[in-house]
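Visitor: I would like to go through this model region by region. Please keep the answers short and state the cut-offs.

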Amino acid sequence: MSEIIKVGMADLKVVKSPNGVTTLGLGSCVGIAIRDPITKIGGLAHIMLPDSTAIRNNANIPKFADTGIEELVKQIVAQGASRARLVAKIAGGAQMFNFSSKNDMVRVGERNVSACKAKLAELRIPILAQDTGNSYGRTVIFYPETGDFVIRAVGKSETVI
C-alpha cells in the first residue's frame with residue numbers, strides 16, 4: 001500500500017516507490033520534483049525564495065532554491081539514487097498579485113522559477129517538464145515510481161506532466 005507524504009512550505013521530503021509526495025498551495029513558490037528513473041527514488045522540495053545569500057536569517061535550507069535543491073539531491077543520492085540519472089520537473093512560480101511592476105520584490109514567482117532552473121542547470125539535472133507562471137496557485141503530487149507530476153489548480157483541469 002503506497003503512502004503520500006506531505007511536504008510543508010520551505011520543506012522537502014524523499015521517498016521510495018511506491019510512495020509519493022505532495023505539497024499544497026504553490027503560489028509564487030516552486031515545487032521541484034527530482035527522481036532517479038531506475039531506482040525510483042525521488043523527492044519534492046517546496047521552495048519559497050530564490051537565493052539564501054540575500055537573506056540574513058537563512059538557516060532553513062529547503063526555503064531557498066540554491067540550498068534546497070542541493071539538499072534534495074544530496075538526500076536522494078543518500079537513499080541510493082544515482083546522481084548521474086537524476087531528472088527534474090517543476091511547477092509553481094505564479095504571479096499571485098495582479099499588478100505590473102519591474103520591481104523584483106513583487107516578481108517572486110518569476111525569480112523563483114529562474115533560480116530553480118539555474119540551479120538545476122548548474123547541477124546538470126535536466127528539466128523534463130514544467131508548469132510555471134500564470135496567476136494561480138497549484139497543489140502537486142509527485143510519484144517517483146512513474147515520474148508523474150500531478151498538478152491541480154482551482155477551476156482548472158488536473159494535468160500530469
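Visitor: Where is the place of P144?
Guide: The model is predicted, so local features need pLDDT of at least 70 and side-chain atom pairs count only at pLDDT 80 or more, while totals for chains, interfaces and linings use all residues. Residues are numbered from 1 along each chain as its sequence is written, and side-chain values use heavy atoms, with hydrogens and water left out. Helices (H or I, at least four residues) and strands (E, at least two) are DSSP runs, numbered from the N terminus. On that numbering, P144 is in the loop between β8 (138–143) and β9 (148–152).

Visitor: Is P144 buried or exposed?
Guide: Buried means under 20% relative accessible area, exposed over 50%, and partly exposed in between, with a 1.4 Å probe and protein chains only. The relative accessibility of P144 is 0%, so P144 counts as buried.

Visitor: Which residues is P144 in contact with, leaving aside its neighbours within four places in sequence?
Guide: Contact means heavy atoms within 4.5 Å. With those neighbours left aside, the partners of P144 are V15, N19, G20, R35, K40, I41 and G42.

Visitor: Which residues have the most contacts inside the largest nonpolar core?
Guide: A nonpolar core is a set of buried Ala, Val, Leu, Ile, Met, Phe, Trp, Tyr and Cys residues joined through side-chain atoms within 4.5 Å. The largest one has 22 residues, and those with the most contacts inside it are I32, I34, I69, L120 and I125.

Visitor: Which element gives the largest share of this core?
Guide: At least two residues of this core come from each of β4 (30–36), β5 (41–47), α1 (65–78), β6 (87–92) and α2 (108–122). Another core, of 12 residues, lies apart from it and includes V21, L26, A33 and L44. In the largest core, the largest share is 5 residues, supplied by α1.

Visitor: How do α1 and α2 pack, parallel, perpendicular or oblique?
Guide: Axes are lines fitted to C-alpha atoms, for helices over the stretch in contact, and angles run from 0 to 180 degrees between N-to-C directions. The axes of α1 and α2 are 9 Å apart, at an angle of about 45 degrees. Angles under 35 degrees count as roughly parallel, over 145 as roughly antiparallel, 65 to 115 as roughly perpendicular and the rest as oblique. Therefore α1 to α2 is oblique.

Visitor: How do the residues of the contact of α1 with α2 divide into nonpolar, polar and charged?
Guide: From α1, A65, D66, I69 and E70 meet A115, C116, K119, L120 and E122 of α2. Ala, Val, Leu, Ile, Met, Phe, Trp, Tyr, Cys and Pro count as nonpolar, Asp, Glu, Lys and Arg as charged, and the others, Gly among them, as polar. The residues of this contact come to 5 nonpolar, no polar and 4 charged.

Visitor: Which residues does G92 touch, not counting those up to four places away in sequence?
Guide: G92 is in strand β6 and is buried, with a relative accessible area of 0%. Beyond four places in sequence, G92 touches L26, G27, C29, V30, V113, D131, T132, G133 and R138.

Visitor: Is D131 buried or exposed?
Guide: D131 is found in strand β7 (residues 127–132). Its contacts outside four places in sequence include I90, A91, G92 and Y136. With a relative accessible area of 17%, D131 is buried.

Visitor: How far apart are the C-alpha atoms of S28 and E110?
Guide: S28 lies in the loop between β3 and β4, and at 23% relative accessibility S28 counts as partly exposed. Among the residues that S28 touches are V108, G109 and N112. Although S28 and E110 are 82 residues apart along the chain, their C-alpha atoms are separated by 7.7 Å.

Visitor: Which peptide bond is cis, with omega near 10 degrees?
Guide: P18 is found in the loop between β2 (11–16) and β3 (20–26). The cis bond is the one from S17 to P18.

Visitor: What is the phi of R124?
Guide: R124 is in the loop between α2 and β7 and is exposed, with a relative accessible area of 74%. R124 is not a glycine, yet its phi is positive, at about 60 degrees.
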